[in-house]
Amino acid sequence: MTLTIGDIAPDFHAMTTEGPIRFHEWMGDSWAMLFSHPRDFTPVCTTELGHLATIKSDFDRRNVKIIGLSVDPLDNHARWSEDIACTTGIAPNYPLIADTDYAVSKLYGMLPGNATGDPTERTPAENATLRNVFVIAPNKMIMLVLIYPMTTGRNFDEVLRAIDSLKLLADGLATPAQWRQGEDVIIAPWIPDDQARQTYPNGWKAPLPYLRYVPGP
């Protein structure tokens, strides 16, 4: 199964470093970022998990819960967390799923259905497709999917920027290229001018009829 934007994120039970969870229940009314890793003790992922721990408060302020995934067992996660703390100064302060039976990886289309065997005997290269980021809204809809190669560290500042943009959808707003908080935004194309004037009585800048800029909220 290939998951994409607009799909409902599949629910699942899993064991994590913070105990067993049912994913939808764990999310509650929050947003979530699920991100996956080919194996524990991989270099790029080590830097990612450490950096993410340092900026977790930025996700907290946005009501976004973080959860990682690797096929390694919990004891490997524990030893990897020690390495991460040693090299980055902070251990993961969010749960990591021990997807030892590949159930979640398969459910989210990150590993083929025929993946089997001892997860500790699989090489990172065999799990190279486990480099996904899923941003999921409180209604459990997938809002963003990113896939990175193993050699390119993920830019979580971009994930935060995208989340800020996605949250504007509730107000019928989109964001232009390179947008940052505080800059002008775009009235979504499905909102007709008559409706937009009720919200923006002073009008908008329109270099094109379908490109309507208003100040950011």
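**View 1. Trp80 and its tilted partner, Phe41.** In this predicted model, Trp80 has a relative accessibility of just 1%, so Trp80 counts as buried. Phe41, the other ring in this close-up, comes out at 34% and therefore counts as partly exposed; the cut-off for buried is under 20%, and exposed starts over 50%. The two ring centres are 6.4 Å apart and the planes meet at 55°, so we call this pair tilted. It's a link between distant parts of the chain, with Phe41 sitting in the loop between β3 and α2 and Trp80 in helix α4, 39 residues apart.

**View 2. Phe12 meets Tyr108 edge-to-face.** Here the centres are 6.0 Å apart, with 85° between the planes. Phe12 comes from the segment before β1 (13-16), while Tyr108 belongs to the loop between α5 (103-107) and β6, so the pair ties together parts that are 96 residues apart in sequence. Both Phe12 and Tyr108 are buried.

**View 3. A cluster of rings, with a lysine over one of them.** Pull back from Phe12 and Tyr108 and you'll find them in a cluster linked by ring pairs, together with Phe23, Trp26 and Phe134. Trp26 also has a charge for company: the charged end of Lys65 sits over its ring, 5.4 Å from the centre. The count of aromatic pairs in the model comes to seven.

**View 4. Arg212 over Trp204.** This one is a simple charge-over-ring close-up, with Arg212 lying over the face of Trp204. The distance to the ring centre is 5.8 Å.

**View 5. The largest nonpolar core.** This core has 26 residues, and the ones touching the most other members are Met33, Phe35, Leu52, Phe59, Tyr94, Val135 and Val159. Two or more residues each come from β3 (31-36), α2 (43-54), β4 (64-70), α4 (74-88), β6 (132-136), β7 (142-147) and α6 (156-167). Helix α6 gives the largest share, six residues.

**View 6. Who touches Met33?** Leaving out residues up to four places away in sequence, the contacts of Met33 are Leu52, Phe59, Val64, Lys65, Ile66, Ile67, Val133, Phe134, Phe156 and Val159. Two names here are familiar from View 3: Lys65, whose charged end sits over Trp26, and Phe134, part of the ring cluster.

**View 7. A second, separate core.** This core has 24 residues, among them Val104, Tyr108, Leu111 and Ala115. Tyr108 is also the edge-to-face partner of Phe12 from View 2.

Terms used: Residues numbered from 1 in each chain as written. Predicted model: local features only at pLDDT ≥ 70, side-chain atom pairs only at ≥ 80, totals over all residues. Heavy atoms only, no water. Core = buried A, V, L, I, M, F, W, Y, C linked by side-chain atoms within 4.5 Å. Buried < 20%, exposed > 50% of the residue type's maximum accessible area, 1.4 Å probe, protein only. Helix = DSSP H or I, 4+ residues; strand = E, 2+ residues; numbered from the N terminus. Contact = heavy atoms within 4.5 Å. Phe/Tyr/Trp six-rings, centres within 6.5 Å; stacked < 30°, edge-to-face > 60°. Lys NZ or Arg CZ within 6 Å of the ring centre and 35° of its normal.
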